[in-house]
Amino acid sequence: MIRFDSDYMAGAHPRLLGKLVATNLEQTSGYGTDHYTAEAAELIKKCCNAPEARVYLLVGGTQTNATVIDGLLARHEGVLAAESGHINVHEAGAIEASGHKVLTLPHIAGKVCASDVEHYIREFYADDTYQHMVAPGMLYISHPTEFGTIYSLAELEELSRVCHNADIPLYIDGARLAYGLATESSDVTLEDIARLADVFYIGGTKAGALFGEAVVVTNPKLLPNMFSLVKLHGALLAKGRLLGVQFGELFRDNLYLEIGEHAVQQAQRIKQAFLAQGYEVIVDSPTNQQFFRLPNSEIERLQAAGVSFELWGAKGTEYSDVRFVTSWATTDDEVEQLLHIIDNR
C-alpha cells in the first residue's frame with residue numbers, strides 16, 4: 001500500500017525524533033518555560049524578522065484556531081472566513097462552541113478577495129440595525145488554502161490593508177505554511193507574513209512534527225493574556241519542551257523549508273503524470289495537495305493496485321473528485337510506483 005491520503009500519516013521527521021530521543025531523560029520545567037521552547041521561539045522570531053513578536057506552542061490546529069479566535073474576538077463579534085475555510089467546514093463547530101459565529105465570504109479556489117471583505121464590513125455598518133447582529137471582528141484566512149492554493153504578496157497586502165483600515169486583526173492559519181512558502185510560484189516569505197498578519201501560526205503537525213503548531217503574535221497588544229487563554233482552552237501542554245524540541249529542529253538549518261520543498265516537488269510529479277493521461281485537474285494547486293476528477297473506474301483501479309488517497313466530497317455517478325497529498329515522508333520510490341500505475345492503465 002502506498003499512501004497519499006494526507007501529510008500527517010507518518011510520525012516525525014528523523015531529525016526531530018532523534019532530538020526527542022536524545023533529550024528524553026532530561027528533566028526540564030513544564031508548560032513551555034524550558035530552554036528548548038525559549039530557543040525555538042527565538043529561532044522562529046529570527047526567521048520572521050519579528051524580534052518583538054511572542055511565540056506560543058500549541059498541540060493541534062483546531063485547538064490553535066479556537067484559542068486564538070476566542071482571544072481576538074469580543075463577545076458580540078464573529079470571524080470572517082471563506083465558506084470553504086477550515087474553521088467553517090472541518091472543525092466540528094469549535095469556533096461556535098466558544099460563543100462566536102463564523103461569518104462566511106465567497107471564495108475563489110479557497111481564497112477570499114479584499115473587495116469582498118471590504119464590502120461585507122461596509123454593508124454591515126451601513127445597516128441601521130447592525131447592533132442587533134454579529135459584528136465582523138477579525139478575518140481568518142489559510143495559506144495555503146483548503147484547495148492548496150496560495151495568496152500572492154499583493155493579495156495579502158490588500159487583505160492586510162482592508163483589515164487595518166477597519167481596525168480588525170488579520171489571522172493566518174498556516175497549518176501547511178511550509179508548502180506555501182516552498183512553491184516556485186510564491187512571492188511570499190515568512191517575513192512578509194509576519195509583517196502583514198497580526199497573528200499567524202506555523203504548522204508543525206502537517207510538516208514533519210509529531211504534533212505542534214507555533215502561534216506567532218506580531219501585535220502582542222491584541223492577546224495580552226494568551227498564556228492564560230491557552231490554559232483555559234486545555235491547550236497548555238505540561239511537557240511543553242516536547243513542542244520546543246521539535247520546533248527548535250524545524251527552524252534550525254532551514255529544515256522547515258526543505259520539508260516543504262521536498263513535498264511540493266513530489267506533488268508536482270504526480271500532477272504532471274495525471275495531466276499526461278488527460279485527466280482533469282479541478283484546482284490548479286502549486287502545493288503538496290493535488291486535486292483531480294477521475295472516472296470511478298480509474299479510482300477503483302488505483303485502489304485495487306494498492307494506492308490510498310481521499311475522495312474529495314461525495315462520490316459521483318461516473319466521475320469523482322479526489323485528493324493526493326505528499327509530505328516529508330513521501331519517497332521517490334513511492335512516487336515512482338504511483339507513476340507506473342498511472343501510466344499503465
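Modeller: Before comparing linings, let us fix the classes: Ala, Val, Leu, Ile, Met, Phe, Trp, Tyr, Cys and Pro count as nonpolar, Asp, Glu, Lys and Arg as charged, and the others, Gly among them, as polar. The model is predicted, with local features needing pLDDT of at least 70 and side-chain atom pairs 80 or more, whereas totals for chains, interfaces and linings use all residues. Residues are numbered from 1 along each chain as its sequence is written, and side-chain values use heavy atoms, without hydrogens and water.

Biologist: How many Å³ of space lie in the largest pocket?

Modeller: Rolling a probe the size of a water molecule over the atoms shows where empty space is left. A pocket is an open set of points on a 1 Å grid over the protein atoms alone, where a 1.4 Å probe fits, with protein on both sides within 12 Å along at least five of seven lines; lining residues have an atom within 4 Å of a point. The largest pocket holds about 390 Å³, and among its 25 lining residues Tyr 8, His 86, Glu 146, Arg 176 and Lys 206 are the closest to its centre. This lining comprises seven nonpolar, ten polar and eight charged residues.

Biologist: Which residues lie nearest the centre of the second largest pocket?

Modeller: They are Cys 47, Leu 190, Phe 251, Asn 254 and Leu 257, out of 13 lining residues, around a space of about 260 Å³. Helices H2 (35-48) and H12 (255-276), which are DSSP runs of H or I with at least four residues, numbered from the N terminus, each supply at least two lining residues, and H2 gives the largest share, three. Here the lining divides into nine nonpolar, two polar and two charged residues.

Notes. Grid points are joined across faces, edges and corners, and a volume is the space filled by probe spheres set on the points.
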